[in-house]
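Reader: I would like to learn how to read a model like this one, feature by feature. Where should we begin?

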Amino acid sequence: MTEPPSLPVVWRPRRTRITAYAMAGVIVLGMVVLAVVVAPQFKVVDRLLLVAFGAFLGWVLHMFARCRVVADEGGVTVVNAFRTRRLAWPEVLGVTMAEGEPWPTLDLADGTSLGAMGINGSEKSRAAHHLGEFRALLGRHAEAPDR
């Protein structure tokens, strides 16, 4: 079993952030260049809409890049692309991540589950290490001693 890390701990995917921010930069820059060099029959409004569309796509990519899981003494904060959820330790019963899954799933006390996009399954060894740390913290903060 992995030794629990000291709190607070932030887990976030590395490749997803790099890829998302690189693509956002390319898209925004590309749309600005396109707005400048586009044919003369395009009006200023059309050019501004091109830049605005690029900015919108950059924002969407930023939302995916900001995903993380933060553990502290009070519980876990799961920041997914478009939703953030704060959970107390007793609310989290377990965490599972089957082979090939994109991210782990937190099993919650209310019978629901929550994907934690901050631990990315495509980063296999890194994801396994982060998952081990999370499980160790969950075991340390579990309500019942046998968890």
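Author: Begin with the polar contact, which is a pair of N or O atoms within 3.5 Å; within protein, one atom must be able to donate a hydrogen and the other to accept it, and residues adjacent in sequence count only if both atoms are side-chain atoms. In this predicted model, the side chain of threonine 112 makes such a contact with the side chain of aspartate 110, at 2.6 Å.

Reader: What conventions apply to the model?

Author: Residues are numbered from 1 along each chain as its sequence is written, and side-chain values use heavy atoms, with hydrogens and water left out. Because the model is predicted, local features need pLDDT of at least 70 and side-chain atom pairs count only at pLDDT 80 or more, while totals for chains, interfaces and linings use all residues.

Reader: How should pLDDT be read, and which element has the lowest mean?

Author: pLDDT is the predictor's confidence in each residue, from 0 to 100. Where it is low, the predicted coordinates should not be read in detail. The protein averages 92, and 95% of the residues score at least 70. Helix 3 (residues 124-141) has the lowest mean among the elements, 92, and helix 2 (residues 44-65) the highest, 97. Helices (H or I, at least four residues) and strands (E, at least two) are DSSP runs, numbered from the N terminus.

Reader: Is threonine 112 buried or exposed?

Author: Buried means under 20% relative accessible area, exposed over 50%, and partly exposed in between (1.4 Å probe, protein chains only). Threonine 112 is partly exposed, because its relative accessible area is 38%. This threonine lies in the loop between strand 6 and strand 7 (113-115). Glutamate 123, in the loop between strand 7 and helix 3, counts as buried because its relative accessibility is 7%.

Reader: What does glutamate 123 have in contact with it, leaving aside neighbours within four places in sequence?

Author: Contact means heavy atoms within 4.5 Å. With those neighbours left aside, glutamate 123 is in contact with Pro13, Arg14, Arg15 and Thr16. On the same basis of not counting residues up to four places away, threonine 112 touches Leu106 and Asp107.

Reader: How are the strands of the open sheet ordered?

Author: Strands of a sheet pair through backbone hydrogen bonds, either parallel or antiparallel. Two strands pair if DSSP finds at least two bridges between them. Here an open sheet of four strands has the order 1-2-3-4, with antiparallel pairing. Strand 1 and strand 4 stand at the edges, each with a single partner strand, so one side of each has no neighbour in the sheet.

Reader: How many bridges join strand 2 to strand 3?

Author: Five bridges join them, and a hairpin connects the two through two residues. Aspartate 72 has glycine 75 in strand 3 as its bridge partner. Strand 3 and strand 4 (residues 84-88) also pair over five bridges, with valine 76 opposite leucine 87. Strand 1 is joined to strand 2 by three bridges, and tryptophan 11 stands opposite valine 69.

Reader: Which residues have the most contacts inside the largest nonpolar core?

Author: A nonpolar core is a set of buried Ala, Val, Leu, Ile, Met, Phe, Trp, Tyr and Cys residues joined through side-chain atoms within 4.5 Å. The largest one has 20 residues, and those with the most contacts inside it are Trp11, Val69, Val92, Leu106 and Phe134. Helix 3 gives the most to this core, with five residues.
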